[in-house]
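Trainee: I would like to learn how to read features from a model. Please take them one at a time.

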Amino acid sequence: HPLGSSFTVRGDWATLGTRSKRQTENGISYDAEFGFNRAGLFADWFYWGGLRITGGMTFNNLKLNLVARGDGVTSFQVGNQSVVPGPDERMNVSVKYPKTTPYLGLGYGHQAGTGFGFLFDIGASMGKATVSETHSGTILNSIPQAEFDAELAQLREGVAKVKYIPQVSIGLNYRF
């Protein structure tokens, strides 16, 4: 919606859907599920023709869930302890991005007027993901929580480096 010759406000929705993958590596079965959906509210300032700077907020559902199960034969490491979990033993790790984040980007398109148009956006939502863990089963429950915390500290350190979720959009629009 135009607010003047150089400013517009708009909303959009984007998704990558949900992806799942199962694999076994070194006797440990891993199930991974990744999902991304977001809605956004944006303000555009057109500084030269159709080129613009965009600021706004995104409302996200971005998560990664990992589940590891053993086979009762192969060991794996939890902190400093090596264990041989059975098929009923589970370790769940969840990585979640904040629900609401600021957005900054550059783009072309979305100008006021009628008819068809081309648009291009490149930008990023800014925020810090959180990591959580749960586990179940006799063998995994016998491990002190400090060992799980040590294992997760490495993952948290890696996730903490990701402070921006890049976004690229290319499309056509029609205004009436």
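Trainee: Which elements do the buried residues of α2 pack against?

Mentor: First, the ground rules. This is a predicted model, in which local features need pLDDT of at least 70, side-chain atom pairs count only at pLDDT 80 or more, and totals for chains, interfaces and linings use all residues. Residues are numbered from 1 along each chain as its sequence is written, and side-chain values use heavy atoms, with hydrogens and water left out. Helices (H or I, at least four residues) and strands (E, at least two) are DSSP runs, numbered from the N terminus. Contact means heavy atoms within 4.5 Å. Here, the buried residues of α2 pack against β4 (76–78), β5 (81–83), β6 (90–96), β9 (130–136) and α1 (138–141).

Trainee: Which residues of α2 are buried?

Mentor: Buried means under 20% relative accessible area, exposed over 50%, and partly exposed in between (1.4 Å probe, protein chains only). In α2 the buried residues are Glu147, Phe148, Leu152 and Val159.

Trainee: How is the span of helix α2 checked?

Mentor: The expected span is 1.5 Å times one less than the number of residues. Helix α2 (residues 145–160) has 16 residues and should span 22 Å; its end C-alpha atoms are 21 Å apart, which agrees.

Trainee: Which strands does β7 pair with?

Mentor: Two strands pair if DSSP finds at least two bridges between them. Strand β3 (residues 51–69) and β7 run antiparallel and are joined by nine bridges; Leu51 has Tyr108 of β7 as its bridge partner. Six bridges join β7 to strand β8 (residues 115–126), also in an antiparallel arrangement, and Gly107 stands opposite Asp121 in β8.

Trainee: Which side chains of β7 point to the buried face?

Mentor: The side chains alternate along β7: Thr101, Tyr103, Gly105 and Gly107 point to one face and are buried. Thr100, Pro102, Leu104, Leu106 and Tyr108 point to the other and are not buried.

Trainee: How many aromatic pairs are there?

Mentor: Rings of Phe, Tyr and Trp (its six-membered ring) pair if their centres lie within 6.5 Å; planes under 30 degrees apart count as stacked, over 60 as edge-to-face and the rest as tilted. The count by this rule is three aromatic pairs. One of them is Phe42 with Tyr103, edge-to-face, at 4.9 Å centre to centre and 65° between the planes. This pair links distant parts of the chain, with Phe42 in strand β2 (residues 28–48) and Tyr103 in strand β7 (residues 100–108), 61 residues apart. Phe42 is buried at a relative accessible area of 5%, and Tyr103 is buried at 6%. The rings of Trp45 and Tyr47 have centres 5.7 Å apart and planes at 40°, so that pair is tilted.
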